[in-house]
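Biologist: I should be grateful for a close look at a single part of this protein, the helix H11. Please describe how H11 packs against other helices, and then place that description beside the rest of the structure.

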Amino acid sequence: MTVSEVRKKYLEFFKSKGHTIVPSSLLVPENDPTTLFTGSGMQPMVPYLLGEKHPSGRRIADSQKCFRSQDIEEVGDNRHTTFFEMLGNWSLGDYWKEEQLSWVFAFLTSEIGIPKEKLSVTCFEGDEKLGIPRDTESAEIWERLGIPKDHIHFYSAKKNWWSRAGVPENMPVGEPGGADSEIFYEFSGIAHNSAFGERCHPNCDCGRFMEIGNSVFMEYRKIPPAEDGSAPFTKGRIGHSEFEKLPQRNVDFGGGLERITAARNDSSDVFTIDVFAPLIQKLAQLSEKNYTDPAYTGSFRTVAEHLRASVFLIADGASPSNTDQGYFTRRLLRRAVRHLDLLGIGADTLSSLVKPVVSAYADAYPSLLQKSEAITSEIGNEEHKFRKTLDMGLKEFSRMAEKSLDKTLSGANAFMLFSSYGLPIDMIKDLAPEKGLTVDIAGFEKELENHHVISRAGIEKKFKGGLADTSEESLKYHTATHLLHQALRDVLGDEVGQKGSNITPERLRFDFSFGRKMTDDEKKKVEDIVNAKIQAKLPMQRVVMPRAEAEKSGALHFFGEKYSDEVSIYFIGDTLETAYSREFCGGPHVTNTGVLGTFKIQKEEAVSAGVRRIKAVLEK
Ligand SMILES: [Zn+2]
Ligand SMILES: [Zn+2]
């Protein structure tokens, strides 16, 4: 089966069970200050899992594009990818375990034909101390569905508990969580390797089992501990535990589309699925090397994976650059160039690989087709630019190796290769042993910090784990961004449209279409308008309506493809009709502009031809 067939079957199946199918969100989330990339299907759903009403109802399903930068260095084995699609379905206060597990089981077995004997499942073993019971309910459902009893396993919270903060002990008060139940596929012909432990089991890392899906049952919320440690004093507290039941129980399912397809085909190598096959074939042709030759398998996979991820990243707005999301696209493409070289393939190859990716995804993501030419030329330019400095960088690297007395590449030298020659740090780490060197990574990170580069370590620390930052300060900046957007249109005209937005708890940054530098007078006018709207203490309100109607309301919207049939609009003012600002937006926001403080533009500058950028702060 192809990826496209599995995706289609999944969405059709859940549609037949009353789910609304929503389009994938962009890989680069809008207005989310803490997350660089959409890393799971759940991420865009968090506000709704926390209780906000979803515009499309209580049963939602989708196939979400995801990117996980933290997996870059894992790519090369049989299963890790940075880009993947996650099939998801949600019950927002609607169905529960019985329906969820039966449906997922029916999808995997009847719909796409995985034999049930090949499946193993895991359930939460419970935690007596916390008063959270063992999930025998899920286990019984699995058994009734036909999963052999010895394929049903219980694990502790480390494996079978979900919360954004991890195990129950780490959850802050107010945080929701719950037990989950994972599904594993067992590949034919792979024996357990005792290097991974005496006994084989679903969570064993020997490669015999692969996780293909997880149903999370969100039903608890952390509450403060009982003061005397004994008598419960909060209504709803479970025994003496630190948990109470949530007013609304939710189900969240996520399953890796590529992994499910590989399991369906009983191939433990994810790179054998149809979306990678043409890429691997083309690389084999160009290199005259064999994919199954262990000396080259990793490079085949790395080029194919990184190229596919880059196509999707560029399509969603992350063009290669030195900062923010674009930095990862650049890193992927540079690593791909390095592995092309290892395969012995010459220059100007990467851009010729774009077409097979676009064709494999054209039915599900037609916009790739429209953007295909632009993506091809961006990737071509990036390869060309990098190769220009790469040769010089490698020569410099060899010179450094000859000169090094202690066989260490110092932090300063590593930084020089990185900043002057564009060698990604993982390439430097990769090449160092060949030159008999070890790299002073700590020294390198220190150099990065001194030079204020947005380093990978820095980015990943700041954007750890994909937690949405819903801090009060960020909400204020989000609301201020809406005011700024409208004020710019008031002063500069309708030519102004949002091109990008980035919010931290310290400032906002807003990119918009406009052909020239703003005058001081115009900046002052914009500031005055925003501050007048703050002083007017206007309510920020949300409505949900059909898309066509929303478009008629004049609400601002810029990302045509991703909207559902029902959309959420935030407006600033008493009614939608009389509102000062109206935008298609998922929130979250503060509830009144009165709390924002004083709005001040710090900088207005060019980003690219026809696009300007404003940095602004809210002073107390
Ligand atoms: Zn094993
Ligand atoms: Zn917004």
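Modeller: The answer begins with the domains, turns to the helix in question, and ends with two sheets.

The model is predicted. Its domain assignment gives three parts: domain 1 (3-264), domain 2 (275-462) and domain 3 (472-619). The centres of domain 1 and domain 2, taken over C-alpha atoms, are separated by 32 Å. Their contact involves 19 residues from domain 1 and 22 residues from domain 2. On the side of domain 1 that touches domain 2, helix H1 (3-16) and strand S2 (59-67) each supply at least two residues. The largest share of that side, 3 residues, belongs to H1. By type, the side of domain 1 that touches domain 2 consists of 10 nonpolar, 6 polar and 3 charged residues.

We now come to the helix itself. Two packed helices are described by the angle between their axes and the distance between the axes. Helix H11 (residues 366-403) packs with helix H12 (residues 411-421) at an angle of about 165°, and the two axes are 10 Å apart. Because angles over 145 degrees count as roughly antiparallel, H11 is roughly antiparallel to H12. The crossing in which H11 passes H12 is right-handed. In this contact, H11 contributes Thr-389, Met-392, Gly-393, Glu-396, Phe-397 and Met-400, while H12 contributes Asn-413, Leu-417 and Tyr-421. The residues of the contact of H11 with H12 comprise 5 nonpolar, 3 polar and 1 charged.

H11 also meets helix H8 (residues 297-315): their axes come within 9 Å and cross at roughly 110°. H8 and H11 are therefore roughly perpendicular to each other. From H8 the contact takes Ser-310, Val-311, Ile-314 and Ala-315, and from H11 it takes Ser-367, Leu-368, Lys-371, Ile-375, Glu-378 and Ile-379. The contact of H8 with H11 divides into 6 nonpolar, 2 polar and 2 charged residues.

The sheets may now be set beside this picture. One open sheet has 4 strands in the order S12-S13-S18-S17, paired antiparallel. Strand S12 (498-504) and strand S17 (598-608) are at its edges; each has a single partner strand, so one side of each has no neighbour in the sheet. On average, and ignoring direction, neighbouring strands of this sheet are turned by 15° against each other. Within the sheet, strand S13 (residues 507-513) and strand S18 (residues 611-619) run antiparallel and are joined by 6 bridges. One bridge pairs Ser-513 with Val-611 in S18. Helix H16 (residues 472-492) packs on this sheet and touches S12, S13, S17 and S18, its direction making about 30° with that of S13.

Another open sheet consists of 3 strands in the order S14-S15-S16, again with antiparallel pairing. Strand S14 (540-546) and strand S16 (581-584) are the edge strands, and each pairs on one side only. For this sheet, the average turn between neighbouring strands, direction ignored, is 25°. Strand S15 (residues 566-572) and S16 run antiparallel and are joined by 4 bridges. Tyr-570 has Glu-583 in S16 as its bridge partner. H16 packs on this sheet as well, touching S14, S15 and S16, and its direction makes about 115° with that of S16.

Conventions
Residues numbered from 1 in each chain as written. Chains lettered and ligands numbered in written order. Predicted model: local features only at pLDDT ≥ 70, side-chain atom pairs only at ≥ 80, totals over all residues. Domains from an automatic or database assignment. Contact = placed C-beta atoms within 7 Å. Nonpolar A, V, L, I, M, F, W, Y, C, P; charged D, E, K, R; others polar. Axes fitted to C-alpha atoms, helices over the stretch in contact; angles between N-to-C directions. Parallel < 35°, antiparallel > 145°, perpendicular 65-115°, else oblique. Left-handed = near helix turned anticlockwise from the far one by under 90°. Pairing = 2+ DSSP bridges.
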